[in-house]
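This report looks at salt bridges, one strand and its neighbours, and nonpolar cores. Keep the sequence and the model open while reading.

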Amino acid sequence: MGRFSKIIKSETPRYVSEQQSIPIEKTVGKGPEDLIEAVDSTETKPARVDRRKMKTPRSEKEKAKALETKIYLHGKLLDEIDLTQLDGLDEREMTRRVSVVVRDLASKEDLKLNRQQFDDLVHGVIDEMVGLGPLEELLKDDSVSDILINTHKQVYVERGGELELSGVKFADEPHLLRIINRIVATVGRRVDESQPMTDARLLDGSRVNVAVAPIAVDGPLVSIRKFSKKPFTLDKLVEFGAVPDVVAQFLWAACKAKVTILISGGTGSGKTTLLNALSQSISHKERLITIEDAAELQLQQPHVARMETRPPNIEGKGEIRQRELVKNALRMRPDRVILGEVRGEEAFDMLQAMNTGHEGSMATLHANTPRDAITRLEQMVAMGDMKITPEAVAGQIASAVGLIVQAVRLSDGQRKITSVSEITGMEGAIIQMQEIFNYTRTGTGPEHEVIGEFRATGIRPKCLGEIITKSINLPDGLFEPKVLPVGRVYEQSIQERV
């Protein structure tokens with residue numbers, strides 16, 4: 001364990017005060033001269049400073065050198081600290097122990113640090129040791145919904161639906177690759193030249209996609225879709241204006257009445273968020289089985305069995321696809337089967353499940369309109385080389401799927417439920433649909449924001465009879481043709497009203 005074994009029982013070190021810093025002037029090799037320049041020993045700070053709220057602005061050069069300092073000390077700390085000693089420690093105790101070693105190394109390397117700089121360095125080194133390095137700052141920022149890494153030199157983030165370049169950078173490509181390997185290793189996956197693409201997830205459920213050389217030409221590419229620590233409810237979506245209150249009431253009632261729902265939309269349109277929100281209406285007495293490529297659903301029930309696919313090993317064997325998981329799920333006594341995303345031949349097995357006593361199952365898929373969603377389902381069934389006629393496939397879809405909810409991400413970053421359509425049956429070889437609610441764009445605002453209105457089409461859905469027979473209350477005049485109000489209308493929540 002090196003020097004760490006000697007200091008494990010040491011007291012918390014006293015930080016360097018404003019009047020006194022660590023006065024050493026020697027340099028070690030090529031790096032420490034630059035490292036010493038990265039800190040400014042002349043600053044004075046109060047005795048107690050919240051480092052997250054009172055950071056002084058730094059130039060790009062200072063940020064780069066500060067990052068170099070963290071990486072340099074991280075390498076040194078690996079020789080000083082036995083990482084197994086840090087397992088299971090809370091953040092406060094880990095900070096105390098690492099602080100002792102960092103202070104010792106800072107003194108040895110002649111770094112002049114005031115209190116704030118010392119705090120930043122300790123937390124930065126901890127992030128490098130057991131966290132995700134420079135990404136930790138963005139992962140803790142609740143305003144960031146997407147993190148897009150374009151090589152180690154460039155990190156974009158999405159805030160409020162708009163992309164912006166962040167000040168976060170990695171020291172070099174090996175630094176970024178080390179963070180990537182730490183992410184994928186936690187879920188038992190790998191990424192290298194033989195398998196340059198992979199899907200993974202973070203501990204909080206955030207979805208990660210990675211692409212490295214040889215398919216990533218300029219350097220590793222990483223996309224992280226963050227999920228809220230507290231899942232959105234339908235009431236929250238109503239407050240945000242993503243869906244009118246009356247539409248949310250209807251979707252809640254339909255899901256509770258075990259109407260099979262398919263959520264369609266593009267990338268980042270809010271499909272998974274809506275699926276999580278709708279799951280609140282499911283009875284806690286039901287057994288749910290979720291099937292995903294990378295587990296990211298945050299269902300609200302106590303009885304949830306989660307499964308995810310497995311990629312092939314280094315020999316190209318051992319792959320488990322969604323289709324095998326769907327087949328296996330039917331032997332696990334599910335009340336509902338929920339697919340995170342339908343994208344291949346598993347569509348046929350999903351339709352079979354929905355038609356064989358698993359009403360109320362839900363899934364998401366990529367499509368631009370409800371009609372396109374049906375076409376994509378037909379194409380995905382054909383991908384399985386099933387010897388079944390197109391008419392039979394259409395019949396399976398018409399009898400299995402009840403509602404198709406279309407989610408769209410608008411040009412200004414807003415996410416809206418733009419259509420709720422019901423499949424009513426077959427007419428010849430054509431699947432018949434009727435739209436119950438829709439959203440129509442009516443103009444553009446002064447800040448280039450999208451202006452539109454939600455409308456009820458005046459059509460009463462066929463599933464309304466099933467909802468009524470299960471004693472689920474819906475307000476009178478819900479389906480009358482009119483413009484629907486946006487935002488919260490009632491004091492009570494949807495759950496209390498429906």
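There are 18 salt bridges in the structure, where a salt bridge is a side-chain nitrogen of Lys or Arg within 4 Å of a carboxyl oxygen of Asp or Glu. Side chains of opposite charge can pair when their charged atoms come close. The model is predicted, so local features need pLDDT of at least 70 and side-chain atom pairs count only at pLDDT 80 or more, while totals for chains, interfaces and linings use all residues. Residues are numbered from 1 along each chain as its sequence is written, and side-chain values use heavy atoms, with hydrogens and water left out.

The table gives three of the pairs.

| Salt bridge | Closest N and O atoms |
|---|---|
| Asp192 and Arg190 | 2.9 Å |
| Arg323 and Asp349 | 2.6 Å |
| Glu453 and Arg455 | 2.9 Å |

Arg323 and Asp349 link distant parts of the chain: Arg323 lies in helix α11 (residues 322-329) and Asp349 in helix α12, 26 residues apart. Helices (H or I, at least four residues) and strands (E, at least two) are DSSP runs, numbered from the N terminus.

Is Arg323 buried or exposed? Its relative accessible area is 12%, so Arg323 counts as buried; the terms are buried for under 20%, exposed for over 50% and partly exposed in between, with a 1.4 Å probe and protein chains only. Asp349 is buried as well. Setting aside neighbours within four places in sequence, Arg323 is in contact with Glu345, Glu346, Phe348, Asp349, Gly384 and Met386; contact means heavy atoms within 4.5 Å.

The other two pairs in the table are made of partly exposed residues. Asp192 has 28% relative accessibility and is partly exposed, and Arg190, at 22%, is partly exposed too. Glu453 is partly exposed with a relative accessible area of 24%, and Arg455 is partly exposed at 35%. Elsewhere, Asp141, Arg159 and Glu164 are joined into one network by salt bridges that share partners.

Helix α12 (residues 346-354), which holds Asp349, also belongs to a right-handed β-α-β unit with strands β10 and β11. A crossover is right-handed if, with the strands pointing away from the viewer, the path from the first strand over the helix to the second runs clockwise.

Which strands pair with β10 (residues 336-339)? Strand β8 (residues 288-292) runs parallel to β10 and is joined to it by four bridges, and Leu288 has Arg336 as its bridge partner in β10. Strand β11 (residues 362-366) pairs with β10 in the parallel sense over two bridges, with Ala363 as the bridge partner of Leu339. Two strands pair if DSSP finds at least two bridges between them.

In a regular strand the side chains alternate between the two faces of the sheet. Both faces of β10 are covered: Arg336 and Ile338 are buried on one side, and Val337 and Leu339 are buried on the other.

The nonpolar cores come last. A nonpolar core is a set of buried Ala, Val, Leu, Ile, Met, Phe, Trp, Tyr and Cys residues joined through side-chain atoms within 4.5 Å. The largest has 49 residues, of which Leu234, Phe250, Leu278 and Phe437 touch the most other members. Helix α9 (residues 245-256) gives the most to this core, with nine residues. Apart from this core lies another, of 33 residues, including Ala329, Ala373, Val401 and Ile431.
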